[in-house]
Structure formats: structure tokens, C-alpha cells
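Please examine the structure shown below together with its sequence. The explanation moves from the fold as a whole to one part of its interior.

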Amino acid sequence: MTDPVILTRCAELGLSFDQAQRIALASGSALPWALGLDFVTFTPLKPRRWLWMAAQTSSVSYRGFLTPELLLEILMTGEVPRAFASHVLHLLEEAPIQLVVLAVEQAAQQGGVPIATLWRNVARIANEMQSRRITASMIYDAK
């Protein structure tokens with residue numbers, strides 16, 4: 001039986017339970033951690049600057065810096081400027097999955113875009129960039 005807290009959190013993130021499991025499994029993470037839940041209280045982690053952290057993480061060792069504003073635009077439109085393709089692929093392949101999930105959640109809140117739209121954009125970007133860790137099939141059936 002699945003914990004109602006997990007199901008509620010999945011719904012908040014616009015993911016089905018199966019999608020959340022696939023994302024956690026692909027990253028080698030525990031499901032609660034991947035969903036941004038505190039391991040002790042099972043409550044969502046306090047809001048932080050997730051987009052900023054994701055942008056900083058994906059800018060490691062690259063000449064240019066991905067800004068949180070540009071990352072927000074990329075997530076909202078699904079369009080990756082050529083100069084930042086390496087940054088975005090690094091985010092999809094190497095960043096902690098929790099950071100990716102929480103950045104998508106924050107982008108939906110900040111951008112006023114339905115989170116399902118953002119997940120479809122992430123799926124499209126992952127497909128176009130041939131991401132091995134986050135794949136379109138993982139999140140393709142997002143609500």
C-alpha cells in the first residue's frame with residue numbers, strides 16, 4: 001500500500017506515482033527524497049532558491065553561466081539556446097534528481113505555468129538531448 005503523503009506529493013508535482021517511481025529509480029534515489037520530502041517528517045522541504053541552485057549546479061566548469069531566469073524560460077518554453085545545451089544536459093544527467101524536481105516545481109509557481117506543461121517540456125528537452133538518466137518515456141504521460 002502506498003503512503004497517502006507520497007501520493008499527495010506526487011499530485012502536487014504533477015506526476016503519477018509510477019512516473020515518480022521511474023524518476024527515483026533512474027537516479028538511484030529513494031522516492032521520498034526524489035520528491036523533496038523530509039525523511040523524518042515526510043513534509044515537503046522548505047522553499048529555497050531551487051532554480052538558482054539548479055542553474056549554479058549546471059554551470060559548473062562551463063564558460064558561460066546559466067541564470068535562474070534563463071533556466072525558468074527554458075523550462076517554460078522547452079527551448080534550449082544552443083550556448084546552454086551543455087548546461088541543460090548536465091542538469092538532466094548529473095544534478096541531484098531532487099534538485100531537478102524542485103526546480104520544476106518552483107518554475108511552475110514562479111512562471112504561472114501548469115506543472116504538467118513543464119514536465120512535457122522537460123520530456124521534450126530530454127528526448128532532443130538524448131538524456132540517458134531523465135528520459136521522455138519516464139515523464140511522457142505527465143498529467
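The paragraphs that follow take up the secondary structure, the overall dimensions, the surface and one helix.

The model is predicted. Its protein chain contains nine helices and zero strands. Read from the N terminus, the order of elements is therefore α-α-α-α-α-α-α-α-α, and with a radius of gyration of 14 Å, close to the 15 Å given by the globule rule for 143 residues, the chain is as compact as a globular protein of that length. Along the principal axes, the C-alpha atoms occupy a box of roughly 45 × 30 × 30 Å.

How are the contacts of the protein chain distributed along the sequence? Among contacts with a separation of 6 or more, 64% join residues that lie 24 or more positions apart. Of the 143 residues in the chain, 48% are buried, a term that here denotes under 20% relative accessible area.

The accessible surface of the protein chain amounts to about 7,600 Å², and carbon and sulfur atoms contribute 57% of that area. As for charge, the chain carries 12 positive and 12 negative charges, whose mean positions are 4 Å apart.

Helix α6 offers a local view of the interior. Which residues of this helix, spanning 85–94, are buried? They are H87, V88, L91, L92 and E93. The cover over these buried residues includes two helices that precede α6 in the numbering, α4 (50–58) and α5 (68–77), and two that follow, α7 (97–111) and α8 (115–128).

Key:
Residues numbered from 1 in each chain as written. Predicted model: local features only at pLDDT ≥ 70, side-chain atom pairs only at ≥ 80, totals over all residues. Heavy atoms only, no water. Helix = DSSP H or I, 4+ residues; strand = E, 2+ residues; numbered from the N terminus. Rg over C-alpha atoms; globule rule 2.2 N^0.38 Å. Buried < 20%, exposed > 50% of the residue type's maximum accessible area, 1.4 Å probe, protein only. Contact = heavy atoms within 4.5 Å. Areas by Shrake-Rupley, 256 points an atom, 1.4 Å probe, with all protein chains shown as cover. Lys, Arg positive; Asp, Glu negative; His and termini not counted. Charge placed at Lys NZ, Arg CZ, Asp CG, Glu CD.
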